[in-house]
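Please walk me through this structure, beginning with its helices and moving on to the contacts that join its parts.

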Amino acid sequence: MFEHTRAFSGFSVDDIPAAKRFYGETLGIRVSEENGMLTLHIAGDRNTLIYPKPDHTPATFTILNFPVDDIESAVDELVSRGVRFEFYDGADDKGIFRRVGPPIAWFKDPAGNILSVLQQS
């Protein structure tokens, strides 16, 4: 039934203008707005819907992972843009976790949703 449907994912935020600034300006993702919602136009033709939810509760898991070639450079660049990284157990002084799996660093959007950059070899 859905094998030829172009599915997309989505998540909620509590402040659409703040999300538009963060995803569009801070992260540099192309963002469009229609009907009070945002669409992130992520590379690889992977659109993601962001919708407003007044009683929004931030996700307790990573909602978007951004693969990068060099995690050190990506973290430094995001910090220079005002992004604050989370410091989970086992992370180094930049917030990069290297113990299991690929090196990964987590940060939050203005609504408190968890995102990551991860280095893929």
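What follows takes the two helices in turn, then the nonpolar cores, and then the salt bridges. The structure shown here is a predicted model, and the account below should be read with that in mind.

A convenient place to begin is helix 1, which covers residues 16-26. At its N-terminal end the helix is capped by aspartate 15, which has a side-chain oxygen 3.0 Å from the backbone nitrogen of alanine 18. Within helix 1 the residues Ile16, Ala18, Ala19, Phe22, Tyr23 and Thr26 are buried. Seen down the axis of the helix, these buried residues fall within an arc of 160°, so they line one face of helix 1. A general point about helices helps here: an α-helix has 3.6 residues a turn, so residues three or four places apart point the same way. Just after helix 1 comes glycine 28, which takes a positive phi of about 75°.

Helix 2, made up of residues 71-80, can be read in a similar order, and its buried residues are Ile71, Ala74, Val75 and Leu78. Around the axis they cover an arc of only 95°, which puts them on the same side of helix 2. What lies over these buried residues includes strand 5 (62-68), strand 6 (96-97), strand 7 (104-108) and strand 8 (114-119). Beyond its end, helix 2 is followed by glycine 82, whose phi is positive and near 100°.

The N-terminal end of helix 2 is capped by aspartate 70, which places a side-chain oxygen 3.1 Å from the backbone nitrogen of glutamate 72. Aspartate 70 itself is found in the loop between strand 5 and helix 2, and at 36% relative accessibility it counts as partly exposed. A polar contact of 2.9 Å also joins the side chain of aspartate 70 to that of serine 73. Although aspartate 70 and valine 117 are 47 residues apart in sequence, their C-alpha atoms are 9.5 Å apart in space.

Valine 117 leads on to the interior, where the largest nonpolar core has 28 residues, of which Tyr23, Leu27, Leu40, Phe107 and Val117 touch the most other members. The elements that give two or more residues to this core are strand 1 (9-13), helix 1, strand 3 (37-42), strand 5, helix 2, strand 7 and strand 8. To see how one of its members is surrounded, the reader may look at tyrosine 23: leaving aside residues up to four places away in sequence, tyrosine 23 touches Phe11, Gly28, Ile29, Val31, Leu40, Ile50, Ile63, Leu64, Asp109 and Leu115. There is also a second, separate core of five residues, among them Phe97, Trp106, Ile114 and Leu118.

The salt bridges come next, and a general remark introduces them: side chains of opposite charge can pair when their charged atoms come close. How many salt bridges does a search of the whole structure find? The search finds seven, and three of the pairs are described here in turn.

In one of them, lysine 20 pairs with glutamate 33, the closest N and O atoms being 3.0 Å apart. Lysine 20 lies in helix 1 and glutamate 33 in strand 2 (residues 30-34), so the pair ties together parts that are 13 residues apart in sequence. Lysine 20 counts as partly exposed at 36% relative accessibility, and glutamate 33 is partly exposed as well, with a relative accessible area of 44%.

Another salt bridge is formed by lysine 94 and aspartate 76, whose closest N and O atoms are 2.8 Å apart. This pair links distant parts of the chain, with lysine 94 in the loop between helix 2 and strand 6 and aspartate 76 in helix 2, 18 residues apart. Lysine 94 is partly exposed at 25% relative accessibility, and aspartate 76 is partly exposed at 41%. Both residues also belong to a network of salt bridges that links Glu72, Asp76, Asp92, Lys94 and Arg98.

The remaining pair to be described joins the side chains of glutamate 86 and lysine 108 in a salt bridge, at 3.9 Å from N to O. Glutamate 86 lies in the loop between helix 2 and strand 6, and lysine 108 in strand 7, so the pair ties together parts that are 22 residues apart in sequence. Glutamate 86 is partly exposed, with a relative accessible area of 22%, and lysine 108 is partly exposed, with a relative accessible area of 37%.

Methods:
Residues are numbered from 1 along each chain as its sequence is written. This is a predicted model: local features need pLDDT of at least 70, side-chain atom pairs count only at pLDDT 80 or more; totals for chains, interfaces and linings use all residues. Side-chain values use heavy atoms; hydrogens and water are left out. Buried means under 20% relative accessible area, exposed over 50%, partly exposed in between (1.4 Å probe, protein chains only). Helices (H or I, at least four residues) and strands (E, at least two) are DSSP runs, numbered from the N terminus. The arc is that of the directions from the helix axis to the C-beta atoms. Contact means heavy atoms within 4.5 Å. A polar contact is a pair of N or O atoms within 3.5 Å; within protein, one must be able to donate a hydrogen and the other to accept it, and residues adjacent in sequence count only if both atoms are side-chain atoms. A salt bridge is a side-chain nitrogen of Lys or Arg within 4 Å of a carboxyl oxygen of Asp or Glu. A nonpolar core is a set of buried Ala, Val, Leu, Ile, Met, Phe, Trp, Tyr and Cys residues joined through side-chain atoms within 4.5 Å.
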